[in-house]
Amino acid sequence: MNILFVYFIPSGGVETLNRHRIVALKKKNIQCHFLYYNKMRELVNNHEGTTFITNNDNEIRKILKDGNYSAVILTSDYNGLHRFRKLGYRGKLFLEIQGLGSQDIAKSELKKAIPLVVRYGDGILSSKTPHIMKILDDFAPSCPRFIINNCFDTSKFSYIPAQKSNHVIIAWIGRIEDNKNWKEFLQIGYNLINGYNANIKLYMFEDNTLSNSIERQRFQQLIAHLNLEKSLTIFSNIPNDKMAEYYSVIGDSGGFLCSTSKVEGFGYAIVEAMSCRCPVLTTDSDGVKNSIIHNQTGKFYRIGNTIEAVKEATELMENDQLREHIRSTALDHIKLQFNLEQYSQQFINMLESVGV
């Protein structure tokens with residue numbers, strides 16, 4: 001059986017999900033292919049499966065014909081439902097929801113998407129994101145939906161022993177955009193450096209092809225205003241297979257990953273860090289409820305409350321017993337909740353329910 005997964009660009013959490021679910025589904029003799037409409041950067045991480053990059057109707061029509069796909073999963077691209085039917089695809093067609101931004105934007109987008117799913121598709125696939133599930137209950141009670149936790153392959157992305165850093169490292173991962181809330185990370189870092197440990201180093205991992213010039217200028221201005229140039233290192237477009245090394249070093253340094261997002265659909269960076277024994281301090285950005293349990297698998301702070309963030313961060317760095325408990329419990333949690341077998345079986349159940 002062949003399945004085609006479609007998304008706009010090979011970047012971010014959706015790309016990470018694709019690279020993990022191909023491993024899960026291959027174990028069930030399901031062959032996964034991937035189609036991305038655009039490539040904003042040269043780096044495309046290895047998907048271990050056929051990967052197309054095109055937004056040309058004729059090329060997509062040929063991909064659909066040659067692939068003989070039992071199902072096509074369109075992530076976020078609800079307009080693609082009609083488009084793929086026009087291109088001649090007659091198999092099962094699903095809209096997948098991964099994120100969609102703020103809750104207001106998600107509500108607005110799903111209001112537009114649901115009629116297209118009803119007319120052209122066979123159902124909605126979503127991870128267990130509370131606000132998405134609530135919107136679907138409110139606006140699409142009769143539309144077939146399949147709620148499946150995303151998967152993560154801890155055997156391929158896990159802790160790597162390395163030489164210990166001389167500095168405590170606090171890291172942030174995301175795009176330089178409003179929803180990722182980079183300003184708050186810089187403010188938290190500033191407060192920790194100036195009020196707790198002047199030798200703390202801040203690492204920010206980003207994709208510099210995915211920010212606009214105005215936001216980039218504000219970012220640089222705030223770095224200068226807070227005088228963080230000597231404490232901050234910015235990494236752009238690090239290959240994903242190298243990130244396990246960084247997470248491991250950050251965890252062993254006594255530091256942590258700090259996620260300041262306003263809304264997350266799942267939060268793959270958080271799960272990656274947890275798998276590498278790197279503790280996480282995060283806002284309650286909704287989708288992360290699946291991975292973070294306060295003081296068990298990570299730590300929460302209230303968004304906008306940098307004083308609380310500093311308090312939680314300080315405890316995470318000073319309380320060795322709690323820190324080690326979180327590092328161990330987080331890894332166990334991922335193995336239990338996001339394992340490949342669970343994902344593949346639920347995915348097969350979804351296909352069978354629509355007659356595949």
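Which strands does helix H4 (residues 103–120) lie across, and at what angle does H4 run to E5? In this predicted model, helix H4 lies across strand E5 (92–97) and strand E6 (123–126), and its direction makes about 165° with E5.

## The seven-stranded sheet

Strands E5 and E6 belong to an open sheet of seven strands, whose order is E3-E2-E1-E4-E5-E6-E7 and whose pairing is parallel. The edges are taken by E3 and E7; each has a single partner strand, so one side of each is left without a neighbour in the sheet. On average, neighbouring strands of this sheet are turned by 20° against each other, direction ignored.

Within this sheet, strand E1 (residues 2–7) pairs with E2 in the parallel sense, over six bridges. Leu4 has His33 in E2 as its bridge partner.

## The loop before E5

Gly91 is placed in the loop between helix H3 (79–86) and E5. Apart from neighbours within four places in sequence, the residues in contact with Gly91 are Ser70, Arg85 and Asp122. Between the C-alpha atoms of Gly91 and Ile114 the separation is 19 Å, the two residues being 23 residues apart along the chain.

## The six-stranded sheet

A further open sheet is formed by six strands in the order E10-E9-E8-E11-E12-E13, again with parallel pairing. Strand E10 (232–236) and strand E13 (299–301) are the edge strands; each has a single partner strand, so one side of each is left without a neighbour in the sheet. Here the turn between neighbouring strands is 25° on average, direction ignored.

At the E13 edge, strand E12 (residues 280–283) pairs with E13 in the parallel sense over three bridges. Thr283 has Tyr301 as its bridge partner in E13. Helix H10 (residues 306–318) packs on this sheet and touches strand E11 (256–259), E12 and E13. The direction of H10 makes about 160° with that of E13.

## Helix H10 against helix H6

Helix H10 also meets helix H6 (residues 182–195): the two axes come within 10 Å and cross at roughly 60°. That angle makes H6 oblique to H10. The crossing in which H6 passes H10 is right-handed.

Which residues of H6 and H10 meet? From H6 come Glu184, Gln187, Ile188, Asn191 and Leu192, and from H10 come Thr306, Ala309, Val310, Ala313, Thr314 and Met317. By class, the residues of this contact divide into six nonpolar, four polar and one charged.

## Helix H1 against helix H12

Helix H1 (residues 12–26) and helix H12 (residues 340–353) pack with their axes 8 Å apart, at an angle of about 75°. H1 is therefore roughly perpendicular to H12.

On the H1 side, the contact consists of His20, Arg21, Val23, Ala24 and Leu25; these meet Leu340, Tyr343, Ser344 and Phe347 in H12. Six nonpolar, two polar and one charged residues make up the contact of H1 with H12.

## Helix H9 against helix H11

The axes of helix H9 (residues 268–275) and helix H11 (residues 320–337) come within 8 Å and cross at roughly 120°. H9 and H11 are therefore oblique to each other, and their crossing is left-handed.

In H9, the residues involved are Val271, Met274 and Ser275, which meet Ala330, Leu331, His333 and Ile334 in H11. Charged residues are absent from the contact of H9 with H11, which has five nonpolar and two polar residues.

## Salt bridges

Side chains of opposite charge can pair when their charged atoms come close. The structure holds 24 salt bridges. One of them joins the side chains of Lys156 and Glu48, with an N to O distance of 3.0 Å.

Why does the pair of Lys156 and Glu48 tie together parts that are 108 residues apart in sequence? Lys156 lies in the loop between strand E7 (145–147) and strand E8 (169–173), whereas Glu48 lies in the loop between strand E2 (31–36) and strand E3 (51–53), so the pair links parts of the chain with that separation in sequence. Of the strands that flank these two loops, E2, E3 and E7 belong to the seven-stranded sheet, and E8 belongs to the six-stranded sheet.

How values were computed:
Residues are numbered from 1 along each chain as its sequence is written. This is a predicted model: local features need pLDDT of at least 70, side-chain atom pairs count only at pLDDT 80 or more; totals for chains, interfaces and linings use all residues. Side-chain values use heavy atoms; hydrogens and water are left out. Two strands pair if DSSP finds at least two bridges between them. Helices (H or I, at least four residues) and strands (E, at least two) are DSSP runs, numbered from the N terminus. Axes are lines fitted to C-alpha atoms, for helices over the stretch in contact, and angles run from 0 to 180 degrees between N-to-C directions. Contact means heavy atoms within 4.5 Å. Angles under 35 degrees count as roughly parallel, over 145 as roughly antiparallel, 65 to 115 as roughly perpendicular and the rest as oblique. A crossing is left-handed if the near helix is turned anticlockwise from the far one by less than a right angle, and right-handed if clockwise. Ala, Val, Leu, Ile, Met, Phe, Trp, Tyr, Cys and Pro count as nonpolar, Asp, Glu, Lys and Arg as charged, and the others, Gly among them, as polar. A salt bridge is a side-chain nitrogen of Lys or Arg within 4 Å of a carboxyl oxygen of Asp or Glu.
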